[in-house]
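Let's take a walk through this protein together. Have the model open and follow along.

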Amino acid sequence: MDKQVNRNQGIKNQKFTTKMQKKLVVLFIIVFLAFVGLSARLIMITRESGDQYKKQVLSQQRYDSTVIPYKRGAILDSRGTSLAISEKVYNVVLDAKALLENEEYLEPTLEALRMQFGFDTGSIRTYLNDNPSSQYYVLAKRLTYEEIAGFREIQADAEKGKVVKGIWFEEEYKRAYPNNTLACDLIGFTTSDNRGLYGLEEYYNDILSGTAGREYGYLNEDAELERTTIAAVDGNSIVTTIDANIQGIVEKYLKKFNEKHANEYHEGNGANNVGCIIMEVDTGNILAMASYPNFDLNDIKNTDALLGMTMVDADGKKVLPTAYINEEILAEMEEGVLSQNFNALWKNFCIVDTYEPGSVTKPFTVATGIESGSIIGNEVYNCEGSLDVGDHTIKCHNKYGDGLLSVADAVKISCNVCMMKIGQAIGKDTFVDFQHIFNFGLKTNVDLAGEARTASLVYGKTNMRSAELATCTFGQGFNTTMIQTITAFCSLVNGGNYYEPHVVSKIVSPTGATVQNIEPRLLKQTISPETSDIVREFCNLVVSEEDGTGRTARPAGYRIGGKTGTAETVPRDKINYVVSFMGYAPADNPQIAIYVVVDRPNVRLQDDAKYATYLVKDILTEVLPYLKIYMTEELSEKERADLEALQLEIITPVVPDDQTKEGEDTEGEGTEGEAENTEGGESDSKQTKIWKTFAIDPATGYAVDPNTGDYVDPVTGAVIGGSFATENTEQILPPAGEDTGAP
């Protein structure tokens with residue numbers, strides 16, 4: 001019987017164990033499914049809102065993970081002057097949770113904030129009430145160390161610091177430009193996140209940028225906070241070829257030009273644009289590059305800089321008829337239009353805007369003719385005031401005709417007819433080939449952001465006809481940029497060496513070690529040294545001779561060479577012109593080249609190169625002594641007095657007599673005296689010039705044609721208001737109907 005009872009009891013225990021096992025299995029399945037559900041939910045949350053929660057967590061973990069900002073590299077001029085630097089600044093951050101840990105912290109902290117920063121304590125109280133657990137709220141951004149020093153002293157004070165809590169300072173760097181407007185177009189600027197825009201800041205952004213560091217906090221096995229720091233890597237600095245002193249001289253005179261001519265003929269700036277580049281002829285180093293209007297790099301969105309500018313629309317295109325921005329227009333300007341006008345202001349005129357260069361390209365035509373063997377250089381041509389080319393009658397700048405001229409004379413007084421005849425001797429195929437050799441239509445690859453492409457703005461062999469060839473010989477009908485033209489011109493006067501233009505000479509590490517030297521790059525030979533010598537002799541006459549079109553560009557005490565330019569803009573209305581002067585100094589051994597372009601000066605009669613030549617004279621009067629370039633001519637008493645009034649150094653003695661005589665001997669070689677008559681006549685500098693008999697208008701200084709009333713340059717006979725014209729035919733336009741006027 002006992003055995004039976006024990007057996008029954010064992011059966012009951014066995015049944016209980018099986019039941020329990022089943023329950024455990026069910027419980028395990030339920031728990032497993034719960035974990036699966038939770039995992040699925042977490043995956044969904046992470047996928048849909050992970051970034052949001054991540055930001056919230058990071059914002060609340062100030063003491064666990066902190067970004068360490070890097071310092072953007074500096075931009076220096078060639079002498080070490082800072083053009084762009086990065087300054088450490090501080091954001092004032094409120095940790096509401098820490099401040100409210102103890103009620104005795106509140107009032108002392110708020111009072112310290114009010115006294116040191118002038119904060120509205122009422123708004124801070126409101127924020128604390130609404131966000132008591134917040135640990136990151138920025139009260140002020142980008143304060144200097146001097147501005148936060150007083151508050152930090154309170155925090156460091158043994159007594160006061162005990163009750164001033166919940167405030168800390170977040171470090172970052174702010175880009176600063178010590179010279180404000182100096183070289184603004186060339187330098188560019190940065191966005192709030194340290195990304196470069198325009199100029200050097202954009203082109204060298206990867207070089208100037210560094211890598212942010214981070215400080216991590218974590219709890220060790222003993223629940224103690226430990227930190228690991230990955231240091232920030234600062235950006236490299238760049239040393240430029242720019243000389244801040246030369247840059248300052250250039251900008252001073254561009255500003256003076258604007259002050260003189262602003263609102264003179266119509267409302268607006270002294271010109272639509274004025275630009276200047278100074279470059280070393282034997283290296284491609286750019287010493288200065290400036291344009292007007294300019295802007296303050298530390299206040300790039302100051303609308304005052306827009307006043308007087310030509311207005312663009314919401315698509316960035318010029319408003320026609322031309323509108324000049326004034327206070328009234330500015331007040332009504334929509335945000336999109338305002339942004340486009342700022343973009344127009346920030347662009348670098350010297351590398352971005354295209355225009356027809358005009359007569360500064362005549363030395364290129366002569367060089368092409370001589371180098372290709374199409375002419376010798378001592379030919380004589382007859383200018384009767386115009387030339388029939390196909391169905392076109394194309395006028396010279398001097399409608400009265402210049403008579404018999406040598407090639408040297410044609411360059412000196414800028415005769416269009418002679419250039420057209422040289423172009424006929426060259427032929428379109430050779431002319432186009434040499435335009436490519438001189439890099440017209442191609443980018444120079446200067447190390448600045450935004451250089452314009454002009455491939456579609458020059459003629460090719462397939463679309464250049466006789467009339468297009470004729471106008472291109474004197475710089476109308478195709479487009480260039482300033483940087484293209486001066487770079488090619490340097491090769492004309494330095495023996496034919498074409499150097500790639502550049503602005504940066506060295507890259508330097510944060511410790512001051514040289515990372516890379518950027519040496520001058522000789523890209524090609526455009527013409528022979530012999531051709532270069534001839535072209536330089538012709539260009540010297542442009543400035544040195546009394547009837548040269550560039551005579552007013554000569555600075556006191558120096559012989560320089562160069563070429564003037566006057567080009568109509570499209571549409572050709574005989575009103576709007578781009579005038580320019582391209583020059584070099586000294587005349588017989590060029591060291592620097594200078595190019596000034598004035599886009600539609602704000603005057604009644606625009607087509608007068610003196611608006612460019614006077615700028616060149618003023619600029620070189622200061623730049624040449626600064627560069628320790630010796631004078632080559634004796635000073636008159638007036639010139640000496642003028643220089644002393646400017647407080648400029650007069651570098652004496654004058655170049656030794658033997659060198660001076662050598663220069664004088666070469667000046668006349670291969671010009672009038674040796675010119676051959678290819679058209680049955682001789683170059684006659686004494687031939688009758690009818691415009692010499694015209695009366696002078698005392699108000700303008702121009703001669704007046706008694707028959708037509710036209711204003712005429714009393715020296716060259718150029719009709720002011722008609723430097724380029726075609727008759728009895730349609731206008732000759734540039735390739736593909738492109739707008740050749742500088743925007």
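What follows goes from the overall picture to the ring pairs, then to the helices and a few loops.

First, a word on what you are looking at. This is a predicted model, in which local features need pLDDT of at least 70 and side-chain atom pairs count only at pLDDT 80 or more, while totals for chains, interfaces and linings use all residues. Residues are numbered from 1 along each chain as its sequence is written, and side-chain values use heavy atoms, with hydrogens and water left out.

The protein has 22 helices and 28 strands; both are DSSP runs numbered from the N terminus, helices being H or I over at least four residues and strands E over at least two. Of its 743 residues, 51% are buried, where buried means under 20% relative accessible area, exposed over 50%, and partly exposed in between (1.4 Å probe, protein chains only). Among contacts in the protein with a separation of 6 or more, 72% come from residues 24 or more positions apart; a contact here is heavy atoms within 4.5 Å.

Now to the rings. The structure holds 22 aromatic pairs. Rings of Phe, Tyr and Trp (its six-membered ring) pair if their centres lie within 6.5 Å, and planes under 30 degrees apart count as stacked, over 60 as edge-to-face and the rest as tilted. Try Tyr-127 and Tyr-137: their pair is stacked, at 3.8 Å centre to centre and with 15° between the planes. This pair links distant parts of the chain, with Tyr-127 in helix α4 (residues 121-130) and Tyr-137 in strand β4 (residues 137-143), 10 residues apart. Tyr-127 is buried at a relative accessible area of 17%, whereas Tyr-137 is partly exposed at 34%.

Next, look at Tyr-136 and Trp-168. Their ring centres are 6.0 Å apart and their planes stand at 50°, so this pair is tilted. Tyr-136 sits in the loop between α4 and β4 and Trp-168 in strand β5 (residues 167-176), so the pair ties together parts 32 residues apart in sequence. Tyr-136 is partly exposed, with 33% relative accessibility, and Trp-168 is buried, with 11%.

Further along the chain, ring pairs join Phe-364, Phe-434, Phe-438, Phe-440, Phe-478, Phe-489 and Tyr-584 into a cluster. There is also a charge over a ring: Lys-524 lies over the face of Tyr-498, 5.1 Å from the ring centre. The criterion for that is NZ of Lys or CZ of Arg within 6 Å of the ring centre and within 35 degrees of the ring normal.

On to the helices. How do α18 and α19 cross? The axes of α18 (residues 482-493) and α19 (residues 529-544) come within 7 Å and cross at roughly 105°. Axes are lines fitted to C-alpha atoms, for helices over the stretch in contact, and angles run from 0 to 180 degrees between N-to-C directions. That makes α18 roughly perpendicular to α19, on a scale where under 35 degrees is roughly parallel, over 145 roughly antiparallel, 65 to 115 roughly perpendicular and the rest oblique. At the contact, Ser-491, Leu-492 and Val-493 of α18 meet Ser-532, Val-535 and Arg-536 of α19. These residues divide into three nonpolar, two polar and one charged (Ala, Val, Leu, Ile, Met, Phe, Trp, Tyr, Cys and Pro count as nonpolar, Asp, Glu, Lys and Arg as charged, and the others, Gly among them, as polar).

Helix α15 (residues 416-426) has nine of its 11 residues buried, so it is largely enclosed by the rest of the structure. Among the buried ones are Asn-416, Lys-421 and Ile-426. Have a look at what flanks this helix, too. Ser-414, in the loop between α14 (407-413) and α15, has a positive phi of about 65° although it is not a glycine, and Ser-414 is buried at 6% relative accessible area. Just after α15, Gly-427 takes a positive phi of about 90°.

Finally, visit the loop between β12 (286-292) and α10 (327-332), where you'll find Gly-316. Gly-316 is partly exposed at 35% relative accessibility. Pro-293 lies in this loop, and a cis peptide bond with omega of about 10° joins Tyr-292 to Pro-293. Pro-321 is in the loop as well, and the bond from Leu-320 to Pro-321 is cis, with omega near -5°.
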